[in-house]
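Q: I should like to learn how individual features of a protein model are read. Could we take them one at a time?

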Amino acid sequence: MNQTYSVEAAWDSLEQLRDQESHLSIQDLFRDDPERAEAFSCEAAGLYLDYSKNRLSRATLTALLQLARGAGLEERRDAMLSGELINITEQRAVLHTALRDRSGRSVMVGGEDACALATAERERMLAFVDEIHRGQRRGATGQPLDTVVNIGIGGSDLGPVMVVEALRPYAIAGRRCHFVSNVDGQHLSDTLQDLDPERTLFIIASKTFTTQETMTNAHSALAWFRASGMDEKAVAKHFVALSTNHDAVAEFGIAADSTFGFWDWVGGRYSLWSSIGLSIALQVGAGRFLELLDGAHAMDEHFRTAPLASNMPVLLALVGIWNRNLEGHRCHAVLPYDQHLLRLPAHLQQADMESNGKSVDLQANATAQATGPVVFGEPGTNGQHAFYQLLHQGSDIVPTDFIAPAISQAELGDHHPKLLANFLAQPRALMNGRSLTEVEQEMRAGGADEETIALQAPHRVFPGNRPSNSLLMERLTPATLGALIALYEHRIFCQGVIWNINSFDQWGVELGKALARDILPYLPAVGAQATAAGADALDPSTAHLLAWINERRQRA
């Protein structure tokens, strides 16, 4: 049986199962299978996944595993981990896993050992971190560099800022870390407002050192630094580059020993494990940074070796495939019940939507299936008082991932038990719902009259039968955070394989940036006269908006 036929047969089988089992609710599946909770759970790398609250049966799961095998998931996984050029549009390997592999394994790419390269650059970076922490490397006036401003965008911002926030309990006392990503000048201005330039270290994170947003912010930060009275020689002591464009870095004024690189087999949204993680290491220390990498590596090894039927990233991916393609759900919510994970949904938005937001397959044809869902989220319990109304009673069903540690880093009174009670209650409510009969009975028991019951009861019904996953860890530590991020990275990869797309390019971000460069010349500084020459080449709507903006800017 060839691969194409296997995949088609698996999809057909899944569609048949969906139709045959359409009458079954999640509650029915639990009633018919007393061992369901245990059977639809797994544990790996310090994480525990319960995916039993999804409307899929054991037969459906078997068919999903057949789909994964037919799509060549195991072969594609091994190809990625061994350094094959699976990013076909850019002819690149995909080896973020090599960045966190400290086992001594060799992975060869272009005649070089990716793991050895990663180790050597990581040791350089961590030696730099150690010098900062020991006070051996100081600012131009001899002050300690205890304040960091990371200037980047996309993967050079979202990953590090998420990890720094998540590991706040592990931060070294007295250290501060700020992140600037938006080209909106207010972001940089607000950040610099109360900083002491003598104690501030700027990290400029841009592989090419040409990213418009990052370099605009970098040059403005440099101007602020010089305006404080610092001379040209001081720049080398206060600015660090994470880049491969050494000429541009040197021209900026950053020294070679303050420049750390990475490689084209490291995608931006998978780069926090590389020198892009310098801000993380500066904030929590080299040891904690290595624990983060080791946690991710533990998940990598589980993904590499566990059978598909007990492989956590694979199972999480297959549940997502079922909900996206067979049940037709277009969105996915990530709901961490830990305040320090407040930036995790934003990181996963980029990781998932930039990876799998594709409509062309590996053969350059339109994809046969719908691909990446819209990803969003907010920490619990904040989200409960925002968009959970839609999750419970909206016309669209949104599969959800609930994430929580069993033990908080701040066990303050009964706060965490109350948080966990909500963590457990929300997926239960999504699954069970509440019928009209139940609502009416509750209202009568509460003393409501029949007129009020008739008016309110239909609005208080919860349809239920809404899918969710629950992810638990004992505590949120550097290691469990690393495992959690790696879990989602591999889940995204697995879904890309099944959809037959390239999850590691991102051509969709290019057009808007190119058009912005074309429009920029028509937007002079405030108070200046704009030129209309050539603006008629723009579409009428853009030209009209441009005229409106320029009129106000000239007036100002």
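A: We begin with a charged pair, and the model to be read is a predicted one. Arg100 and Asp300 meet through their side chains in a salt bridge, with 2.7 Å from N to O. This pair connects distant parts of the chain: Arg100 belongs to the loop between helix H6 (96-99) and strand E3 (108-109), Asp300 belongs to helix H14 (residues 286-305), and the two are 200 residues apart.

Q: Are Arg100 and Asp300 buried or exposed?

A: Burial is read from the relative accessible area, and the cut-off for a buried residue is under 20%. Arg100 has a value of 0% and is therefore buried. Asp300, at 2%, also counts as buried.

Q: Which parts of the chain does the salt bridge of Glu327 and Arg55 tie together?

A: In the pair formed by Glu327 and Arg55, the closest N and O atoms are 2.9 Å apart. Glu327 lies in the loop between helix H15 (312-326) and strand E10 (331-336), and Arg55 lies in the loop between strand E2 (47-50) and helix H4 (58-70), so the salt bridge ties together parts that are 272 residues apart in sequence. Glu327 is partly exposed, at 23% relative accessibility, whereas Arg55 is buried, at 11%.

Q: Where do Arg199 and Asp146 lie in the chain?

A: Their side chains meet in a salt bridge with an N to O distance of 2.6 Å. Arg199 is in the loop between helix H9 (185-192) and strand E7 (200-205), while Asp146 is in the loop between helix H7 (114-134) and strand E5 (147-151); the pair links distant parts of the chain, 53 residues apart. Arg199 is partly exposed, with a relative accessibility of 25%, and Asp146 is buried, with 14%.

Q: How many salt bridges are there by this rule, and which residues are linked in a network?

A: The rule requires a side-chain nitrogen of Lys or Arg within 4 Å of a carboxyl oxygen of Asp or Glu. The count comes to 30 salt bridges. A network of salt bridges links Asp101, Arg105, Glu301 and Arg304.

Q: How is a helix read, and what span should helix H18 have?

A: The general idea is that an α-helix has 3.6 residues a turn, so residues three or four places apart point the same way. Helix H18 (residues 415-432) has 18 residues, which at 1.5 Å a residue should span 26 Å; the end C-alpha atoms of H18 are 26 Å apart, in agreement with this.

Q: Which residues of H18 are buried, and what covers them?

A: The buried residues of H18 are His416, Leu419, Leu420, Phe423, Gln426, Pro427, Leu430 and Met431. They cover an arc of only 135° around the axis, and therefore they lie on the same side of H18. Their cover includes helix H2 (26-32), H17, strand E12 (400-405) and E13. Just after H18 comes Gly433, with a positive phi of about 65°.

Q: What does the corresponding reading of H4 give?

A: The 13 residues of H4 should span 18 Å at 1.5 Å a residue, and the end C-alpha atoms of H4 are 18 Å apart, which agrees. The buried residues in H4 are Thr60, Leu61, Ala63, Leu64, Leu65, Leu67, Ala68 and Gly70. Gly72 follows H4 and has a positive phi near 75°.

Q: How should unusual backbone geometry be read?

A: Most residues other than glycine have a negative phi, and most peptide bonds are trans. Asn465 has a positive phi, near 60°. Asn465 is in the loop between helix H20 (450-456) and strand E13 (468-473), and is partly exposed at 27% relative accessible area. Asn500 likewise has a positive phi, of about 60°, although it is not a glycine. Asn500 is in the loop between helix H21 (478-499) and helix H22 (510-519), and counts as partly exposed at 24%.

Q: Which residues does the cis peptide bond join?

A: The cis bond joins Gly380 and Thr381, with omega about 10°. Thr381 is in the loop between strand E11 (374-377) and helix H17 (388-393).

Q: Which residues form a nonpolar patch on the surface?

A: Leu520, Leu523, Trp548 and Ile549 form the patch, and together they have about 370 Å² of accessible area. Leu520 lies in the loop between H22 and helix H23 (540-555), and at 48% relative accessibility Leu520 counts as partly exposed.

Conventions
Residues are numbered from 1 along each chain as its sequence is written. This is a predicted model: local features need pLDDT of at least 70, side-chain atom pairs count only at pLDDT 80 or more; totals for chains, interfaces and linings use all residues. Side-chain values use heavy atoms; hydrogens and water are left out. Helices (H or I, at least four residues) and strands (E, at least two) are DSSP runs, numbered from the N terminus. Buried means under 20% relative accessible area, exposed over 50%, partly exposed in between (1.4 Å probe, protein chains only). Patches are made of residues with over 30% relative accessible area and no salt bridge: like charges are joined within 9 Å, nonpolar side chains (Val, Leu, Ile, Met, Phe, Trp, Tyr) within 5 Å. Accessible areas come from the Shrake-Rupley method with a 1.4 Å probe; for residues, only the protein chains shown count as cover. The expected span of a helix is 1.5 Å times one less than its number of residues. The arc is that of the directions from the helix axis to the C-beta atoms. Contact means heavy atoms within 4.5 Å.
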